[in-house]
Every structure is written in C-alpha cells, then in structure tokens.
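Here are a few short exercises to work through at your own pace. Keep the viewer open and try each task before reading its solution.

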Amino acid sequence: VSTSDAREMVLTGSYREAIDAFEALAKEPKTKVPATLGLAEAKMRLGDYTEAISLLESLEAPKSARRHFLLAQLYLITGRYDDADTQARETLSLEENHAGARLLRGRLLEMLGKPDEAIKSMVKLATSTPSVEAYLALSRLQELNGNAADADAARSGAIGCSPMASRSTS
C-alpha cells in the first residue's frame, strides 16, 4: 500500500484501514513524514485528538504547511486558541494563500473578539482564493461589525463565485 492509497482510504472514510496502512508506512524512513501526517489526520477524523497532536508535535517536519495546518485545526478543536493561531500563521508563512489556514485564522480571530483582524484575514482569503465560502464568511463578519455596504459587496462576491453565476451568463 502506498501513501496515496492510504490517503484515498481517509478521503473515502475508511479511517481504520488508513490508520493500519499509515502505521506500516511510517516505519519506513522515506515515507515517515507523509505517513505520519496521514496517520494524524485519520486519527483526528476519528476524534482521537490527543494522539493526533502527539504525533504531529513529535514529527520533525518544520517546513510542512500540512503539519502546521493540522495542528492549527487540532488546537482549535481542543481549545488551545493561541497555539491554533500560531500554527495557522506558521502555515501561512509557508503557503501565503492556504485557504484553509486563512479561513481558520479568520474564524479564530472572530472568536477571540478581534473583528478587525478577522475581517482583514477574510478579505485576504476572498481576494487570494475567491470562493462562495470565503465571501459569505466575510459578509457575515462585515454585517456583525455594522458594515452593511461591505457586507453587501461581499455577498455580491459570493454570487459571482457561484457555479450558477457562470451558467446564467452563457
């Protein structure tokens, strides 16, 4: 079994099989890093957050955006908000347009009561990786902060990203 095969198992919900495959692959030096990342993700999806964090924290892969993003997600889930923010920022330092990290950071900043910073993160997300989700998140933040015109503009951006918008112009 390859790391790609095991990754496919995760994507199709076969987490237990993926864990077995990744554990075997993690014993090989050339597949240790990608297998450990996959193993941590599978454990996260099964709700074994403590084990997933332990695997990622002990993994020596400092330049891995995926490692930092998985840690950001896990720290957010487990209430370690400062650590989640640090890991999201680390992800973005490695991949500036990492949409998942940008979205996570925006939502985290909103939770921490930093609406202006959250809006900046969401604006950057919407402009670097336009998507319906990004614009709707930005719209919601703008609305919560009393910026009705900006919220409307963000909703218009969401409509422009919709697959239905491209069909209606054809």
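**Exercise 1.** Which residues does S64 touch, not counting residues up to four places away in sequence?

*Solution.* Before starting, note that this is a predicted model, in which local features need pLDDT of at least 70, side-chain atom pairs count only at pLDDT 80 or more, and totals for chains, interfaces and linings use all residues. Residues are numbered from 1 along each chain as its sequence is written, and side-chain values use heavy atoms, with hydrogens and water left out.

Step 1: find S64 in the loop between helix 4 (49–58) and helix 5 (65–77). Helices here are DSSP runs of H or I with at least four residues, strands are runs of E with at least two, and both are numbered from the N terminus.

Step 2: look for contacts, meaning heavy atoms within 4.5 Å. With those sequence neighbours set aside, S64 touches L37 and L94.

**Exercise 2.** Decide for S64: buried or exposed? Then do the same for K30.

*Solution.* Step 1: recall the cut-offs: buried means under 20% relative accessible area, exposed over 50%, and partly exposed in between (1.4 Å probe, protein chains only).

Step 2: S64 has a relative accessible area of 13%, so S64 is buried.

Step 3: K30 sits in the loop between helix 2 (15–25) and helix 3 (32–45). K30 counts as exposed because its relative accessibility is 76%.

Step 4: for a distance check, pick the C-alpha atoms of K30 and E8; they are 19 Å apart, and the two residues are 22 apart along the chain.

**Exercise 3.** Find Y81 and describe its exposure.

*Solution.* Step 1: go to helix 6 (residues 81–94), where Y81 is placed.

Step 2: the relative accessible area of Y81 is 32%, so Y81 is partly exposed.

**Exercise 4.** Describe the chain as a whole: how many helices and strands does its secondary structure have?

*Solution.* Step 1: count 11 helices and zero strands. In sequence order the pattern reads α-α-α-α-α-α-α-α-α-α-α.

Step 2: take the dimensions; the C-alpha trace spans about 55 × 40 × 25 Å along its principal axes.

Step 3: turn to burial, where 39% of the 170 residues count as buried.

Step 4: finish with contacts. Among those between residues at least 6 apart in sequence, 38% join residues at least 24 apart.
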